[in-house]
Amino acid sequence: MIELFNYDFFRNALLAALLASIACGIIGTYIVSRRLVFIGGGITHASFGGIGIAYYLGLNPLLGAAVFAVLSAFGINYFSSSGKIRQDSSIAIWWSLGMALGIIFIALTPGYAPNLMSFLFGSILTVTRADLFYMALITLATIMLFTRYFRLILTISFDEEYAITRNLPVHFFNYLLMALSALVIVISIRISGVILVLSLLTLPQSTANLFSKNFKTIMWASIILGFIGMISGLYLSYYTNLPSGATIILVLTAFFGLGKVLSLFRQ
Amino acid sequence: MQQLLEIKHLTVNYGKIVALENASMSIREHDFIGVIGPNGGGKTTLLKSILGLIEPTAGEIIFSKNLEEGQSQIGYLPQFNKFDNRFPISVSAVILSGIMGKNNRTRLNGTANREKVKQILEQLSISHLANKPIGELSGGQMQRVFLGRALVANPKLLILDEPDTYVDNQFEHELYKILQELNRNMAILLVSHDVGTISAHVKSIACINRHLHYHPSNIISPRQLAAYNCPIQIITHGDVPHTVLGTHDHEHPHEHQHQGK
């Protein structure tokens, strides 16, 4: 078990799991509390368009994903708040547009796209040093924002209209947190891929929410649950030779199931 | 009495619908104004304009020096069911959020603020609920918490949007007792659908049915209500000299501008 630490790729994977569990623990609690999970789904799938275009142009796919994720986040926010399109329809449009663009540009790229599967389903074992750098940057930004502005974020999230009456910068923070959520989703795509990433932001939170109804407690518990889930999923996938991203999600789901049973006994 | 704010010729349209037309009124210190009128008549629109939630189509709201910090000095109790009751937040955190304002955006964990929250919890007799999640409270308890959030920043004007819906009679009774006390230190603007209940407590009445008619007394007769084109059902009343009023339209409502304006 310990001998795995001798491998560079494994140490990278552990670090990636730590960073992603912190970022997802914080942002996921925000997304779940504000019921933005479906928007998160839209952003995730829209980002696949950016991955495809970046592939075609020979750029870093994560950069393409980041641009598309932030654009779609703002797009969903803008179209639904202007009242022209209903929010769920707006999400669906961005969701499928991104996937369609991704598929078309990958098809246009000459040769075989070997990493396509890793973007769809994740591959934590191929995380590079450059990936880790971006992950660290975004995780740090998330920690700083939520440490400095925790009360403000909580106030706005709980009752947006009330926050406006207090002259708080509601719209600015809505967009800022939307953009940050998009970026956290993008760095987490490395762990479990476009299709599975949403569960990293919702499963630990839902498990924690079974036992606590306090924003901060849910945040901390999600970070810990997420990290334990990713590490045990990683080991499990190593010994069973199964895909790591999917194994991690199954472990996190098992945690939720266990939590549900425990919470029933507690009552 | 010092003036707190003045509403001048306020008109609010939602698309082609005129919600409020040419409304004028001023609010002074120690005012206790009951805002009545039929549903969809523009009561909430008036409140939201004062709170800065709605841009007026025409006219303006002038905040006097006494409300210098603008809307931050206004406490607001929104209509019930306006929030997500599964949101993971505790009672004391909700009240603490009321301290947030233009000049207070980050550090809220100071001893002074916590002391203030404690005081509010005691004043509204909900100290025992301090750490409870907001979703586990009864209707009356919840309204107390939101009243606490509105009061914690020591507002000069308290705005309440139908605080007596979905609560039990006992809380309604206590609420008006609390409001009478608060009124010594702040002006109160109270929206209600039930003119009978509020007229025993308020000092003056504003009737809103697209137009605003200010009535500088808490005694209002069915004839006057009709004159204000304010068809409203009087459900209960204490010692107010009037009887049950049905909804009926007056033929010439606008000839009866009130002399008190």
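This report walks through chains A and B of a predicted model, starting with chain B as a whole and ending with its pockets and cavities.

**Chain B in outline**

Chain B is built from 7 helices and 9 strands. Of its 261 residues, 55% are buried. If you take the contacts in chain B with a separation of 6 or more, 66% of them are between residues 24 or more positions apart. The accessible surface of this chain adds up to about 11900 Å², and carbon and sulfur atoms hold 46% of that.

Two spots in the chain B backbone are worth a look. B:Ser125 is not a glycine, yet its phi is positive, at about 45 degrees. You'll find B:Ser125 in the loop that runs between helix 3 (111-123) and helix 4 (139-151) of chain B. With a relative accessible area of 45%, B:Ser125 counts as partly exposed because that value falls between the 20% and 50% cut-offs. The other spot is B:Asn154, again not a glycine, with a positive phi of about 50 degrees. B:Asn154 sits in the loop between helix 4 and strand 6 (157-161) of chain B.

**Salt bridges**

Over all chains, the count of salt bridges is 10. Here are some of them.

| Pair | N to O distance |
|---|---|
| A:Glu161 and B:Lys48 | 3.2 Å |
| B:Arg144 and B:Glu174 | 3.3 Å |
| B:Glu162 and B:Lys43 | 3.8 Å |

What does the salt bridge of A:Glu161 with B:Lys48 join? A:Glu161 is in helix 8 (residues 160-165) of chain A and B:Lys48 is in helix 1 (residues 43-50) of chain B, so this pair joins two chains. A:Glu161 and B:Lys48 are both buried.

Next comes B:Glu162 with B:Lys43, a salt bridge inside chain B. This pair links distant parts of the chain, 119 residues apart: B:Glu162 belongs to the loop between strand 6 and helix 5 (169-182), while B:Lys43 belongs to helix 1. Is B:Glu162 buried or exposed? B:Glu162 has a relative accessibility of 10%, so it counts as buried. B:Lys43 is buried too, as its relative accessible area is 5%.

In the pair of B:Arg144 and B:Glu174, the side chains meet in a salt bridge. B:Arg144 is in helix 4 of chain B and B:Glu174 is in helix 5 of chain B, and the two are 30 residues apart, so this pair also links distant parts of the chain. B:Arg144 counts as buried because its relative accessibility is 11%, under the 20% cut-off.

**Over to chain A: a buried aspartate and a nonpolar patch**

A:Asp131 is part of helix 6 (residues 129-148) of chain A. Why does A:Asp131 count as buried? Its relative accessible area is 6%, and buried means under 20%. Setting aside neighbours within four places in sequence, the residues in contact with A:Asp131 are A:Leu62, A:Thr126 and A:Arg190.

On the surface of chain A, there's a nonpolar patch of about 510 Å², made by A:Tyr56, A:Leu57, A:Leu59, A:Ile104 and A:Leu108. Helix 2 (37-57) and helix 4 (87-108) of chain A are the elements that give two or more residues to this patch. One of the patch residues, A:Tyr56, lies in helix 2 of chain A. A:Tyr56 comes out as partly exposed, since its relative accessibility is 41%.

**Pockets and cavities**

The largest pocket has a volume of about 560 Å³. It is lined by 23 residues, and those closest to its centre are A:Val32, A:Asn209, A:Leu210, A:Lys213 and B:Arg86. The elements giving two or more residues to this lining are helix 1 (8-33), helix 9 (170-209) and helix 11 (244-266), each of chain A.

How many cavities of 30 Å³ or more does the structure hold? There are 2 of them. The largest cavity contains about 50 Å³ of space. Its lining includes A:Asp159 as well as chain B residues, among them B:Leu77, B:Phe80, B:Gln143 and B:Arg149. Helix 4 of chain B gives the largest share of that lining, with 3 residues.

Terms used:
Residues are numbered from 1 along each chain as its sequence is written. Chains are lettered from A and ligands numbered from 1 in the order in which they are written. This is a predicted model: local features need pLDDT of at least 70, side-chain atom pairs count only at pLDDT 80 or more; totals for chains, interfaces and linings use all residues. Side-chain values use heavy atoms; hydrogens and water are left out. Helices (H or I, at least four residues) and strands (E, at least two) are DSSP runs, numbered from the N terminus. Buried means under 20% relative accessible area, exposed over 50%, partly exposed in between (1.4 Å probe, protein chains only). Contact means heavy atoms within 4.5 Å. Patches are made of residues with over 30% relative accessible area and no salt bridge: like charges are joined within 9 Å, nonpolar side chains (Val, Leu, Ile, Met, Phe, Trp, Tyr) within 5 Å. Accessible areas come from the Shrake-Rupley method with a 1.4 Å probe; for residues, only the protein chains shown count as cover. A salt bridge is a side-chain nitrogen of Lys or Arg within 4 Å of a carboxyl oxygen of Asp or Glu. On a 1 Å grid over the protein atoms alone, a cavity is a set of points where a 1.4 Å probe fits but cannot get out, and a pocket is an open set with protein on both sides within 12 Å along at least five of seven lines; lining residues have an atom within 4 Å of a point. Grid points are joined across faces, edges and corners, and a volume is the space filled by probe spheres set on the points.
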